[in-house]
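Trainee: I am new to this one. Please show me the sequence and the model, and then let me ask my questions.

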Amino acid sequence: MAYAGDYHAPVLCKTAVERLVKNVDGLYVDGTLGGGGHSSALLDRLSPAGRVIALDRDQEAIDWSTRRLADALKAGRFTAVRSNFVEVESALENLGISLVDGLLLDLGVSSRQVDSADRGFSFRFDAELDMRMDRSAGSSARDLLNQLDESDLSRLLHQFGEEPRARRIARAIVHARPLNSTSDLADIVRECVPRTDETKSLARVFQAIRIAVNDELGALRMVLEAATRVVRPGGRLVVISYHSLEDRLVKRFLRSGNFDGKVERDLYGNTLSTWTPVDRSAVKPDAGEIELNPRARSARLRVGERSDLDPPV
Ligand SMILES: C[S@@+](CC[C@H](N)C(=O)[O-])C[C@H]1O[C@@H](n2cnc3c(N)ncnc32)[C@H](O)[C@@H]1O
């Protein structure tokens, strides 16, 4: 474990792997490779015949974890693919695979991404307003902050950041344009909120912009739907989320197979969902893990098992 903690401390690692693996000889997808903590534990749990395909949209995560897991890579037990997890189906197809035994998603950003001064995820550093996990594609935070109209900005800060002063901050952003750096954004937030709320508001605003830049909720919906097509009946889906909006989507999807949470039943009252929740409620990190890794505090892990029903057409 020479690399452990240098890049990212994996959250709820033991539980995630225990819940995910029903077949130690199976084939599993880690949709959010990051620093490879979960993939590494997963490979340890599997037999020499077991295999892990890992995806990440960030090239730095792919490079780091490919080095970390070089032995498994050489042994043909580990494959890393740079891809958005919404494209899991085609990433697997390119490897000649149609069904897997389980899919793991550990959502959000890694500590490495947040702590890299130049990526623009944190208000602690002065940097370009980027915040893209995939630096080769899509609009940056700078584009978004300089282009969105005031009401869309306000809605975004309110919805994704639960920021109570969303309207005031959105108005100040529009007045201060053009914004170029994380310091420009941080200064605006500081001007709009009382000193006592500064740090919380900064965290909420930066989180909201990051979620929007990377379309994190849209991607989550798409990958959950794709999971129904790529995880074989009897296989498992494990999702670790860090935001109530994400956790609500996962909870509803595992209970009902859709995002409204409306459970459909057959004539006999049996649930028609293609997933069955494995635990009655979300698993949370214990006090010991939170003390060692405060970033774990908001984590919620949910597990679903794919039923034998065919996926909806
Ligand atoms: C919380 S970290 C995962 C950490 C990892 N489990 C570990 O043990 O080091 C989330 C990772 O998922 C990646 N990611 C987030 N959304 C993604 C998406 N839509 N497609 C692919 N990768 C994504 C991020 O780039 C980041 O590296």
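Trainee: In what order do the seven strands of the open sheet lie?
Mentor: A caution comes before the order: this is a predicted model, where local features need pLDDT of at least 70, side-chain atom pairs count only at pLDDT 80 or more, and totals for chains, interfaces and linings use all residues. Residues are numbered from 1 along each chain as its sequence is written. Elements are DSSP runs numbered from the N terminus (helices are H or I, at least four residues; strands are E, at least two), and two strands pair if DSSP finds at least two bridges between them. The pairing here is mixed, and the seven strands of the open sheet follow the order β3-β2-β1-β4-β5-β7-β6.

Trainee: Which are the edge strands?
Mentor: An edge strand here pairs on one side only. Two strands fit that description: β3 (78-82) and β6 (275-277).

Trainee: What does the twist average from one strand to the next?
Mentor: Angles run from 0 to 180 degrees between N-to-C directions, and axes are lines fitted to C-alpha atoms, for helices over the stretch in contact. From each strand to the next, the twist averages 20°.

Trainee: Which strands does helix α1 touch as it packs on the sheet?
Mentor: Contact means that the C-beta atoms of two residues, placed from the backbone, lie within 7 Å. Helix α1 covers residues 13-20, and its direction makes about 165° with that of β5. The strands it touches are β1, β4 (100-106), β5 (231-241) and β7 (300-306).

Trainee: Which residue in β2 stands opposite L27?
Mentor: Strand β1 spans residues 27-30. Four bridges pair it with β2 in the parallel sense. Opposite L27 in β2 stands R51.

Trainee: Which residue in β4 stands opposite D30?
Mentor: β1 and β4 run parallel, joined by three bridges. Opposite D30 in β4 is L104.

Trainee: How many of the residues of β4 are buried?
Mentor: Burial is a count of other C-beta atoms within 10 Å of a residue's own, placed from the backbone: 20 or more is buried, 12 or fewer is exposed, and in between is partly exposed. β4 is mostly covered. Its buried residues number seven of seven.

Trainee: Which residue stands opposite V239 of β5?
Mentor: β4 and β5 run parallel, with six bridges between them. The residue opposite V239 is L105.

Trainee: What is the bridge partner of V239 in β7?
Mentor: β5 and β7 run antiparallel and are joined by six bridges. β7 is mostly covered, with six of its seven residues buried. The partner of V239 in that strand is R302.

Trainee: What is the bridge partner of T276 in β7?
Mentor: Three bridges pair β6 with β7 in the antiparallel sense. The partner of T276 in β7 is E305.

Trainee: Why is L220 buried?
Mentor: L220 belongs to helix α12 (residues 216-230). Leaving aside residues up to four places away in sequence, it touches L107, E246 and L249. L220 counts as buried because its other C-beta atoms within 10 Å number 23.

Trainee: How far apart in space are L220 and V239?
Mentor: In sequence, L220 and V239 are 19 residues apart. In space, C-alpha to C-alpha, the separation is 9.9 Å.

Trainee: How many residues surround the ligand?
Mentor: A residue is near a molecule if its C-beta atom, placed from the backbone, lies within 6 Å of it. The closest are P10, T32, G34, G35 and G37. The elements giving two or more residues to this shell are α2 (37-45) and β2 (51-56). The number of surrounding residues is 21.

Trainee: How far apart are the centres of domain 1 and domain 2?
Mentor: Domain bounds come from an automatic or database domain assignment. That gives domain 1 as 13-112 + 216-306 and domain 2 as 135-213. Taken over C-alpha atoms, their centres are separated by 30 Å.

Trainee: Where is E162 found?
Mentor: E162 is not a glycine, yet its phi is positive, about 50°. It counts as partly exposed because it has 14 C-beta neighbours inside 10 Å. Its place is the loop between α8 (150-161) and α9.

Trainee: Which residues does a cis peptide bond join?
Mentor: Omega of this bond is about 5°. One partner, P178, lies in the loop between α9 (166-176) and α10 (182-192). The joined residues are R177 and P178.
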